[in-house]
Amino acid sequence: MKRLQSCSGSVQDRLPSGAIATREGEDDDSPVDKRLGRAFMKVMTPIDTEVDVPNSLAEDRHYFRSTDLGEAVRYYRRNGYVVIRGLLPPELCDAIRAAYRAEVQPSQTPILRQKNMRYERNSFDKDGFLDNPIFNVQDLETRRFGQFKRNALLGLAQKDVAQFTAALAGVGATKLIQSMFFEAPVGTWAHQDSYYQDSAAGLGRCVAGWYALEDVDANAGRFYVCPRSHHIVPVLRNAGELDFATGHNRYRKAVLETIRHFNLEFRAPYMAKGDVLFWSSLTVHGSFAPSGSGVSRASLTAHYLPAEDEMLQFHTRIRRQKTTLVNGMPVAQLHDQDRLRNRLLRDLAAHAPGPYAAARKLAMQGLFLAGKLRPSRQAASTLSP
Ligand SMILES: O=C(O)CCC(=O)C(=O)O
Ligand SMILES: [Fe+2]
């Protein structure tokens with residue numbers, strides 16, 4: 001949303017009435033702008049093409065509501081993603097952001113960050129929005145960030161979410177294995193989540209959710225997916241030339257080449273406060289570079305696995321995680337800051353970022369070297385999550 005602009009009304013209040021005559025179903029894939037005759041915002045894609053981005057609910061597909069579970073699952077299986085409107089209560093979205101402003105924004109404590117996996121202090125863009133997104137909200141230190149962590153996890157593990165993630169994964173129950181918090185536009189590179197983490201029981205069994213905590217402006221580096229890429233595109237393996245330790249930049253380029261090669265569509269649904277977009281770990285996605293200033297995209301993302309599955313990291317190793325229960329959902333932790341040992345590591349990493357990053361790089365190289373020497377841990381790809 002734009003800075004200083006206030007959000008009014010509930011998601012229900014703002015739903016368009018009859019903007020699209022037919023209910024948006026899995027078979028209706030004609031471009032929405034053609035049917036509505038509206039002018040969308042033009043945004044540049046990472047392959048330097050222009051794409052139309054809807055900038056209001058009325059301009060977008062209707063997608064689904066929390067009562068449309070069966071239809072939503074069918075849409076997800078076919079398209080590799082689905083949007084559920086109003087899954088998070090707007091008051092909870094506001095409470096998460098209020099707790100962020102009260103506890104996280106003023107803090108000087110180093111926090112693990114999504115873009116570089118380093119412990120860093122907050123950094124803000126020129127409009128004052130956090131531009132180093134938080135990695136694994138569930139690991140934050142309760143003493144300092146308890147309200148923010150509690151509110152965020154209440155949303156990410158709420159009953160409706162548990163029901164959707166289980167149905168989308170085609171299992172009885174899921175667990176949360178990773179989460180992130182974003183505020184400023186960051187322009188995340190195109191990728192399949194599987195490259196970073198997936199299920200050891202089969203690639204594609206991981207389901208992720210993007211939770212809009214505000215109405216997201218089209219200029220604020222909107223989250224996009226490439227529909228059906230989970231079926232069309234082979235899994236780009238985290239190995240050899242493209243491995244994370246030595247070939248991450250090559251991987252990023254390879255994804256863009258793949259998008260061009262298969263002529264994939266970019267689709268960036270309008271995300272109103274409380275809307276959730278779920279996608280598969282095989283679906284190509286990312287977020288656009290910001291195309292305007294003064295705009296934010298406050299959001300959470302979370303990744304879920306079938307509760308019984310183990311996490312496969314970098315297509316290379318099984319990463320065991322300890323779990324806690326939130327609302328009955330297991331939530332896995334990797335760097336729990338409530339443990340002294342992890343806080344000491346954090347302080348070391350924050351005070352000597354160079355040596356810490358070098359040590360981490362070496363460890364990664366060792367991991368992939370060891371992977372080459374032992375029989376492959378790579379799970380088979382399951383195209384129907
Ligand atoms: O919102 C973004 O920029 C990227 C989020 C993402 O790729 C993820 O959570 O897997
Ligand atoms: Fe991702």
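# Notebook: looking around L176

I started at L176, and leaving out residues up to four places away in sequence, I found that it touches L156, A157, A302, Y304, M329, V331 and A332. A note to myself before going on: this is a predicted model.

L176 turned up again when I looked up the largest nonpolar core. That core has 89 residues, and L176 is listed with V82, I84, L277 and F278 as the ones that touch the most other members. My course notes fit here: in soluble globular proteins, nonpolar side chains tend to be buried together.

**Whole chain**

I looked up the overall counts next. The chain has nine helices and 17 strands. Of its 385 residues, 45% are buried. I also checked contacts with a separation of 6 or more, and 77% of them join residues 24 or more positions apart.

**Strand β13 and its partners**

How many residues of β13 are buried? I went through residues 299–306 and got eight of eight, so I wrote the strand down as mostly covered, using the cut-off of 20 or more other C-beta atoms within 10 Å.

I then looked for the partners of β13. β7 is joined to β13 by eight bridges, and the two run antiparallel. In that pair I found M180 opposite T301. β9 also pairs with β13 in the antiparallel sense, over six bridges. There, A208 stands opposite H303 of β13.

**Around ligand 1**

Which residues surround ligand 1? I listed M180, F182, V186, T188, D193, A208, W210, F223, H285, S287 and T301. M180 and T301 were already in my notes as an opposite pair across β7 and β13.

I sorted the shell by class and got six nonpolar, four polar and one charged residues. Then I asked which strands supply at least two residues each, and the list was β7 (174–182), β9 (207–212) and β12 (285–287).

**A three-strand sheet**

I moved on to an open sheet with the order β8-β14-β15, where the pairing is antiparallel. Why is one side of β8 and of β15 left without a neighbour in the sheet? Both β8 (197–199) and β15 (317–319) stand at the edges, and each has a single partner strand, so one side stays unpaired. From one strand to the next, the twist averages 45 degrees.

I zoomed in on β8 and β14 (residues 311–313), which pair over three bridges. S199 is opposite M311 there.

**A hairpin**

β16 (residues 322–326) and β17 (residues 329–333) are joined by five bridges and run antiparallel. I picked out T324, which stands opposite V331 in β17. V331 was also on my list of residues touched by L176. The two strands form a hairpin with two residues between them, and N327 in the turn has a positive phi of about 55 degrees.

**Two more asparagines**

I looked for positive phi elsewhere and noted N136, with phi near 60 degrees, and N263, with about 50 degrees. Neither residue is a glycine. N136 sits in the loop between β6 (134–135) and α4 (142–156), while N263 is in the loop between α7 (248–261) and β11 (276–280).

Are they buried or exposed? N136 has 23 C-beta neighbours inside 10 Å, so it counts as buried. N263 has 8 other C-beta atoms within 10 Å, so I put it down as exposed.

**Two loop residues to finish**

F124 is in the loop between β5 (119–120) and β6. I counted 13 other C-beta atoms within 10 Å of its own, so F124 is partly exposed. Setting aside neighbours within four places in sequence, F124 is in contact with F129, L130 and D131. I also checked F124 against A184: they are 60 residues apart in sequence, and 7.9 Å apart in space from C-alpha to C-alpha.

E308 is in the loop between β13 and β14. With 12 C-beta neighbours inside 10 Å, E308 counts as exposed, because the cut-off for that is 12 or fewer. My last look-up was E308 with A201, which are 107 residues apart in sequence and 9.1 Å apart in space, C-alpha to C-alpha.

How values were computed:
Residues are numbered from 1 along each chain as its sequence is written. Chains are lettered from A and ligands numbered from 1 in the order in which they are written. This is a predicted model: local features need pLDDT of at least 70, side-chain atom pairs count only at pLDDT 80 or more; totals for chains, interfaces and linings use all residues. A residue is near a molecule or strand if its C-beta atom, placed from the backbone, lies within 6 Å of it. Helices (H or I, at least four residues) and strands (E, at least two) are DSSP runs, numbered from the N terminus. Ala, Val, Leu, Ile, Met, Phe, Trp, Tyr, Cys and Pro count as nonpolar, Asp, Glu, Lys and Arg as charged, and the others, Gly among them, as polar. Two strands pair if DSSP finds at least two bridges between them. Axes are lines fitted to C-alpha atoms, for helices over the stretch in contact, and angles run from 0 to 180 degrees between N-to-C directions. Two residues are in contact if their C-beta atoms, placed from the backbone, lie within 7 Å. A nonpolar core is a set of buried Ala, Val, Leu, Ile, Met, Phe, Trp, Tyr and Cys residues joined through C-beta atoms within 7 Å.
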